[in-house]
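This briefing goes through one structure by topic, beginning with a ligand site and moving on to a metal site and the nonpolar interior.

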Amino acid sequence: MVFSEKWKWVYDMAMIDIKEKPSHPLVAVSILSADFGQMAVDCRDVIEKRSDLLHVDVMDGHFAPNLTMGADMLKGVRKHLPNVYLDSHLMVEKPQDYVEQFAKAGSNNFSFHWEVTSDNPERGASGVDAADLIKMIHDHGMDAGLVINPDTQAQVLEKYLGDIQVALVMSVWPGFSGQKFMPEVLEKVKWLRENGPDAMRVEMDGGVSPETVNDCAEAGCDMMVSASAVFGSNDRAGVIEALHESAKHWWWTK
Ligand code: DX5
Ligand code: ZN
């Protein structure tokens, strides 16, 4: 099945480099809303329908109130899609424990939450050192991302903007797909896009759909995560196209 003629194109496609300024906002379909019973089939389907990459939502039941998937799922997806960029979003208490596993499984990116770092006064010394973790991720050959929850200010990321490849702004509370987009986080995107280097992507995650994506693009987002809007539609190609079309409202093209 994996090596059949029908799927030959998945071996011919080129891996994207997210550090290159994209010509349109990248679409990162989140596999959290896929049918887990036919994961590879759903992943290939959305890539064929022009999702630029795949977003992998990892939750440990502690940082976020849900259990989702781990490195083994990613490894399975990687086997079927050798050249697709895999963007892992770790909503876990101790991301440092999973860097090696995710690198070995074939993840291209590893994003962790600022809230679990020692910079967060609520964690203090019990949190992980963000600079050390970024270095560890890079040493394992992956791009590094920092994520902020809806109530965390963008400025906490200021000292890392030159080191990270992704700044991810949560527009819902971590836990579940299908939640309502929180427009109040758009201001943070604007600040991150204005202050971050061109080689850094500003990613929006939560409630991104054809209805909300234009506002994200206008604020400066260049990577759009979407789960339920894509998988919940019977016109997945149309939804992905509408997400790309947000380029018309893009901050960068102005
Ligand atoms: C939420 C996850 C999101 C989620 C998005 O905790 O981080 O990536 O899958 O789902 P939608 O697009 O349905 O809001
Ligand atoms: Zn996510």
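In this predicted model, ligand 1 is surrounded by 20 residues, and the closest of them are Asp-57, Gly-178, Asp-205, Gly-207 and Ser-228. Asp-57 and Asp-205 also appear among the residues that coordinate the zinc ion (ligand 2).

**Polar contacts and burial of ligand 1**

- A backbone N or O atom of Gly-207 is found 2.7 Å from an oxygen atom of ligand 1, while a polar backbone atom of Gly-175 lies 2.8 Å from an oxygen atom of the ligand.
- The side chain of His-89 contributes an N or O atom that is 3.3 Å from an oxygen atom of ligand 1.
- Ligand 1 would expose 390 Å² if taken alone, and the protein buries 100% of that area.

**The zinc site**

- The zinc ion (ligand 2) is coordinated at 2.0 to 2.3 Å by His-55 through NE2, His-89 through ND1, and Asp-57 and Asp-205 through OD atoms.
- Six donor atoms, with angles of 68 to 169° among them, give the site of the zinc ion an octahedral geometry.
- For comparison, ideal angles for six octahedral donors at a metal are 90 or 180 degrees.
- Along the sequence, the donor residues of the zinc ion follow the spacing H-x1-D-x31-H-x115-D, and both His-55 and Asp-57 are buried.

**Nonpolar cores**

- The largest nonpolar core comprises 75 residues, within which Ile-31, Leu-54, Leu-192 and Met-204 have the most contacts.
- Leaving aside residues up to four places away in sequence, Ile-31 touches a set of residues that includes Phe-36, Met-39, Leu-54, Val-56, Met-73 and Phe-231, and among them is also His-55, which is one of the residues coordinating the zinc ion.
- A second core, separate from the largest one, has 12 residues, including Leu-26, Ala-28, Leu-53 and Leu-168.

Conventions: Residues numbered from 1 in each chain as written. Chains lettered and ligands numbered in written order. Predicted model: local features only at pLDDT ≥ 70, side-chain atom pairs only at ≥ 80, totals over all residues. Heavy atoms only, no water. Donors = N, O, S within 2.8 Å, 3.2 Å for Na, K, Ca; no water. Tetrahedral: all angles 85-135°; square planar, octahedral: opposite > 155°, others 65-115°. Buried < 20%, exposed > 50% of the residue type's maximum accessible area, 1.4 Å probe, protein only. Core = buried A, V, L, I, M, F, W, Y, C linked by side-chain atoms within 4.5 Å. Contact = heavy atoms within 4.5 Å. Near = heavy atom within 4 Å. Polar contact = N/O pair within 3.5 Å; in protein donor to acceptor, adjacent residues only side chain to side chain. Areas by Shrake-Rupley, 256 points an atom, 1.4 Å probe, with all protein chains shown as cover.
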